[in-house]
Structure formats: C-alpha cells, structure tokens
Amino acid sequence: MQNQISPLILSFGVSDPLASMGVQADLATFAAIGCHGLPIITGFLVADTSQVDDVYPIEADLVVDQARTVLEDMPVAALKLGQIASVENAAVIAEIVSDYPDLPFILDPFSSSIPEPAADAEDLLLAICELLIPQASLLIISETELARIAETWKDGEIDEATDDVAADAMTLIESGCAFVLVTGSDSHSNQIVNRLYDQNGLLRADQWPRIPGSFIGAGSSLAAAVTALLANGLSIPEASLEAQEFTNASIQHAQRLGMGKLIPDRYFWSKEDE
C-alpha cells in the first residue's frame with residue numbers, strides 16, 4: 001500500500017551555491033516542516049557568505065518547461081516565488097500562476113542581498129507590481145521595499161497624510177493581493193515588529209527581539225516556512241505566526257559557515273537536547 005505523500009510545493013527561485021536562500025534554502029525549510037519541494041530555477045547566483053557578486057537569469061522558455069512538466073505530473077499544494085532574475089521570467093511565471101488560481105501563492109520577490117539588474121530594474125519592479133502581486137495570496141515584503149514599490153504609484157510625490165506602511169499595504173491589497181506581511185518595522189531599538197494586513201486593515205502585529213549579528217537567508221526562511229505551513233492546511237494568519245517562530249529559532253541557531261554573514265539553521269530542532 002502506498003504511503004500518504006508529503007504536501008508538494010512548487011518553488012520558483014534562484015540557485016544559490018551557499019544554500020542560504022533561493023530554491024536550495026526552500027527545500028531545507030519545506031523538509032523541516034514536513035513538505036516536499038519541487039524547485040524551478042529562474043537563475044544562478046555567484047556568491048559567498050559576504051555578498052552576492054552576480055545573478056545570471058535563465059531563459060524564460062526553460063522556466064516554463066520546468067514548471068509545466070512538473071505541474072502536469074504532480075498534485076501541487078502551494079506555489080512560492082522568490083527572487084526573479086528577469087522581466088521575461090516574471091511574465092511567464094505570472095502566466096503559469098494564473099492557471100492555478102485555487103492554489104496558495106506566496107510571493108517573496110525582494111532580497112537586499114541580491115543586486116538588482118541595472119538594465120531593467122524599473123521594468124522588473126513594474127512587472128512584479130502589475131503581474132504578480134495582484135495574484136498573490138500573501139506578499140512578504142520589508143518596510144524598505146514597500147516604500148520603494150509605493151513610489152511607482154506616487155510618482156515621486158510624498159503625501160504626508162498617506163505616506164505610511166498601512167496605506168501602502170492597503171494599496172497592494174486593493175490591487176488584488178489577499179494578505180501583505182510587512183517585515184522589519186522597529187518599535188524600539190532592540191525590537192522588530194512584523195505586521196500582517198488583509199482587506200480590513202491591520203490583522204496582527206507580532207513583536208520579536210532583534211537578534212545580534214548579520215544574517216543571509218532569514219527572509220527566505222520566513223517565506224518558505226509560511227508556504228509549507230499553508231500546504232499543511234493552516235490559514236494565512238496562523239501560518240504567518242508559526243513561520244515567524246520557526247524563522248526566529250533558525251536565526252538564533254544560525255551558523256558561521258564562511259567568513260561573512262551567518263546562515264540560519266533550518267534543522268535547529270534536530271540538534272536540540274532532549
């Protein structure tokens with residue numbers, strides 16, 4: 001008799017030789033939360049623990065071939081999109097996602113660790129805003145990146161009456177995104193507050209102590225953990241809280257694998273004393 005399979009998650013993202021972020025990190029987080037990841041590579045990083053030196057996108061047709069082949073063969077429980085390496089990749093992924101509107105779609109397209117493509121950075125940002133965010137079940141975005149996105153509809157003009165996190169998050173929800181999780185808001189110098197918004201406004205605000213150190217891959221851990229918890233049947237508010245707990249613990253157990261930043265340990269629980 002065949003055993004019940006683990007929930008399957010299709011994850012679009014870059015290939016990272018450090019396995020600190022990108023699809024390799026997603027696979028580790030999915031496995032830690034009882035899911036099986038299906039990696040669809042959008043590009044390749046050249047990186048060490050200090051920095052990402054370059055990003056090489058792959059052709060959009062190859063992204064489509066990878067994803068369509070897997071989706072036609074397996075019953076996927078959720079979709080996740082991390083870093084996008086080109087405008088063309090954003091367009092074809094948006095088309096693929098639109099064919100599966102009933103699946104949770106978690107969008108985490110920004111990373112402060114990855115340099116933007118100088119030639120088409122603005123076009124890529126617009127593609128994310130127009131093609132992907134309106135389809136997202138949950139967008140995970142830092143307060144800094146949210147402010148940058150907001151410039152696309154504010155035309156560089158700052159209206160002090162509406163220039164705040166809540167108003168910008170609600171604008172994205174009005175475009176079609178169901179939930180927005182804004183990360184990294186400081187309430188005190190040693191605290192971080194992550195805020196979850198839905199169509200009714202602020203749904204929850206979760207406060208965490210700031211952990212000393214410089215890390216690479218914390219955001220990837222959070223997005224992948226949310227996706228895995230959704231694939232296991234949790235609601236977005238429940239999954240966002242449990243994913244933050246998982247991420248916080250993985251950062252607390254982060255490892256210095258090289259001479260640069262620390263990398264979260266997604267398997268911290270397997271090493272804890274009984």
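Modeller: A salt bridge, as the term is used here, is a side-chain nitrogen of Lys or Arg within 4 Å of a carboxyl oxygen of Asp or Glu. The model we are discussing is a predicted one, and the structure holds 4 salt bridges.

Biologist: What makes lysine 80 and aspartate 26 a salt bridge?

Modeller: The closest N and O atoms of lysine 80 and aspartate 26 are 3.0 Å apart, and because the cut-off is 4 Å, the pair of lysine 80 and aspartate 26 counts as a salt bridge. The pair links distant parts of the chain, since lysine 80 belongs to strand S4 (residues 76–81) and aspartate 26 to helix H1 (residues 22–32), with their positions 54 residues apart.

Biologist: How do you know whether lysine 80 counts as buried or exposed, and which of these applies to aspartate 26?

Modeller: Buried means under 20% relative accessible area; lysine 80 has a relative accessibility of 2%, so lysine 80 counts as buried. Aspartate 26 also stands at 2% relative accessibility and therefore counts as buried.

Biologist: Why is the pair of arginine 68 and aspartate 99 called a salt bridge?

Modeller: The closest N and O atoms of arginine 68 and aspartate 99 are 2.8 Å apart, which is within the 4 Å limit. This pair, too, links distant parts of the chain: arginine 68 sits in helix H2 (residues 60–71), while aspartate 99 is in the loop between helix H3 (87–98) and strand S5 (105–107), 31 residues apart. Partly exposed is the range between 20% and 50%, so the term fits arginine 68 with its relative accessible area of 21%, and likewise aspartate 99 with 43%.

Biologist: How do you know how aspartate 206 should be classed, and what is the class of arginine 204?

Modeller: Aspartate 206 forms a salt bridge with arginine 204, their closest N and O atoms being 2.9 Å apart. At 7% relative accessibility aspartate 206 falls under the 20% cut-off and so counts as buried, whereas arginine 204, with a relative accessible area of 26%, is partly exposed.

Biologist: Why is valine 46 placed in its accessibility class?

Modeller: Valine 46 has 39% relative accessibility, and because that value lies between 20% and 50%, valine 46 counts as partly exposed. Valine 46 lies in strand S2 (residues 36–47), and together with Phe44 and Tyr56 it makes a nonpolar surface patch of about 280 Å².

Biologist: Turning inwards, which residues touch the most other members of the largest nonpolar core?

Modeller: That core has 46 residues, of which Leu10, Phe12, Leu132, Ile133 and Val180 touch the most other members. For isoleucine 133, leaving aside its neighbours within four places in sequence, the contacts include Leu107, Ile128, Leu139, Ile149 and Leu172, and also Ser175, Gly176 and Cys177. A second, separate core of 27 residues includes Ala223, Leu230, Ala239 and Ala243.

Biologist: How do you know how compact the protein is for 274 residues?

Modeller: The protein, with its 8 helices and 9 strands, has a radius of gyration of 18 Å, close to the 19 Å that the globule rule gives for 274 residues, and it is therefore as compact as a globular protein of that length. Buried residues make up 51% of the 274 residues, and of the contacts with a separation of 6 or more, 67% are between residues 24 or more positions apart.

Notes. Residues are numbered from 1 along each chain as its sequence is written. This is a predicted model: local features need pLDDT of at least 70, side-chain atom pairs count only at pLDDT 80 or more; totals for chains, interfaces and linings use all residues. Side-chain values use heavy atoms; hydrogens and water are left out. A nonpolar core is a set of buried Ala, Val, Leu, Ile, Met, Phe, Trp, Tyr and Cys residues joined through side-chain atoms within 4.5 Å. Buried means under 20% relative accessible area, exposed over 50%, partly exposed in between (1.4 Å probe, protein chains only). Contact means heavy atoms within 4.5 Å. Patches are made of residues with over 30% relative accessible area and no salt bridge: like charges are joined within 9 Å, nonpolar side chains (Val, Leu, Ile, Met, Phe, Trp, Tyr) within 5 Å. Accessible areas come from the Shrake-Rupley method with a 1.4 Å probe; for residues, only the protein chains shown count as cover. Helices (H or I, at least four residues) and strands (E, at least two) are DSSP runs, numbered from the N terminus. The radius of gyration is taken over C-alpha atoms; the globule rule is 2.2 Å times the number of residues to the power 0.38.
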